[in-house]
Amino acid sequence: MPTFSRLVRFLAKDGKTYYGDAILPKGVNDIAKITQARIIKGDIFGKHDVTDQVAEVKTLLAPLDNKDVGSVRCLGLNYAKHAKEANMTLPSYPILFHKPPTALTGPLSPIPVPLPAQEVPGLDYECELVAIISKPTLDVSPAEALSHVLGYSVGNDVSHREWQLKRGGGQWALGKCFDGWAPWGPGIVSGEVLGDPTGLRISTRVNGELRQQGETGDLIFGVAETVSKLSRGTTLMPGDVIFTGTPEGVAMGMNPPKWLKDGDVVEVSLEGVGTCRNRVEFVKEKAKL
């Protein structure tokens with residue numbers, strides 16, 4: 001069982017990077033607004049201690065160092081209303097794809113859009129509840145699955161629909177796996193603190209405009225069922241990250257689509273966790289000498 005309440009990884013004002021337990025200001029539930037954390041020592045997936053040493057937070061980083069991440073699994077079409085807006089049949093089994101750990105980035109980091117993703121419009125956002133595995137998990141039952149979850153976060157499964165649906169040869173990965181296309185954070189809230197992950201409000205804003213507004217009760221495969229199904233015959237490992245799908249309101253579902261543009265600010269939020277705020281930055285072509 002984790003001893004932390006709200007795990008964060010951060011650059012402190014002393015110039016060092018730490019894991020810590022977030023100290024929320026009174027009346028605040030958004031981890032992104034913290035200024036202090038108690039330093040954690042030890043193995044966050046095993047024995048660790050939340051010390052009395054308080055550090056001043058300069059910048060929040062991705063909740064896990066990439067070296068502590070095993071894999072990044074993602075579910076597609078896992079909200080009933082999102083499947084409806086995409087004119088697709090509700091899946092009988094989870095639609096699984098993977099992102100590389102290099103797609104992960106922090107809750108305040110820019111979203112870099114490389115030149116291939118600038119060739120045609122299609123840049124989209126997807127707010128998602130993220131679950132993190134705490135221990136080796138194989139063939140676990142839904143009733144036991146949540147005891148294998150370290151905690152919960154919020155993420156943005158940034159996607160390019162042209163590359164996902166038309167240039168991927170039938171696979172989605174090419175439209176979702178660019179570097180920095182999975183911002184997540186602002187921390188990891190333990191199950192003991194967050195409680196049942198069903199029925200949480202989740203949303204996306206673009207330049208302040210509300211685009212997505214749903215709740216995790218609309219998940220086709222809830223967290224417990226997702227962890228159980230993904231563990232059938234396949235061992236999930238500590239640090240495996242699972243993006244559980246997005247609610248309705250993506251740009252692709254609008255008429256006309258409101259694709260993301262250079263300079264847009266995207267905010268994805270999850271009740272009880274907080275908000276990731278990331279600016280879209282088109283990579284400039286390098287000058288030829």
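This report covers the nonpolar cores, one buried strand residue and one sheet of a predicted model.

**Nonpolar cores**

The largest nonpolar core has 51 residues, and the members that touch the most others are Val 8, Phe 10, Trp 181 and Val 227. A second core, separate from the largest, has 21 residues, among them Ala 62, Cys 74, Trp 184 and Val 241. Setting aside residues up to four places away in sequence, Phe 10 touches Lys 16, Thr 17, Tyr 18, Tyr 19 and Gly 20, then Ala 37, and further along Ala 55, Glu 56, Val 57, Thr 59, Leu 60 and Leu 61.

**Ile 133**

Ile 133 belongs to strand β10, which spans residues 127-133. Its relative accessibility is 0%, so Ile 133 counts as buried, the cut-off being under 20%. Beyond its neighbours within four places in sequence, Ile 133 has contacts that include Phe 45, His 148, Leu 150 and Val 227, as well as Leu 236, Met 237, Pro 238, Gly 239, Asp 240 and Ile 242. Between Ile 133 and Thr 275 the C-alpha to C-alpha distance is 21 Å, with 142 residues separating them in sequence.

**A five-stranded sheet**

An open sheet of five strands runs in the order β8-β18-β17-β14-β15, with mixed pairing. The edge strands are β8 and β15; each has a single partner strand, so one side of each lacks a neighbour in the sheet. From one strand to the next, the twist averages 20°. β14 and β15 are antiparallel and pair over six bridges; within this pairing, Ile 202 has Gly 214 in β15 as its bridge partner.

| Strand | Residues |
|---|---|
| β8 | 111-113 |
| β14 | 201-206 |
| β15 | 209-215 |

Notes:
Residues numbered from 1 in each chain as written. Predicted model: local features only at pLDDT ≥ 70, side-chain atom pairs only at ≥ 80, totals over all residues. Heavy atoms only, no water. Core = buried A, V, L, I, M, F, W, Y, C linked by side-chain atoms within 4.5 Å. Buried < 20%, exposed > 50% of the residue type's maximum accessible area, 1.4 Å probe, protein only. Contact = heavy atoms within 4.5 Å. Helix = DSSP H or I, 4+ residues; strand = E, 2+ residues; numbered from the N terminus. Pairing = 2+ DSSP bridges. Axes fitted to C-alpha atoms, helices over the stretch in contact; angles between N-to-C directions.
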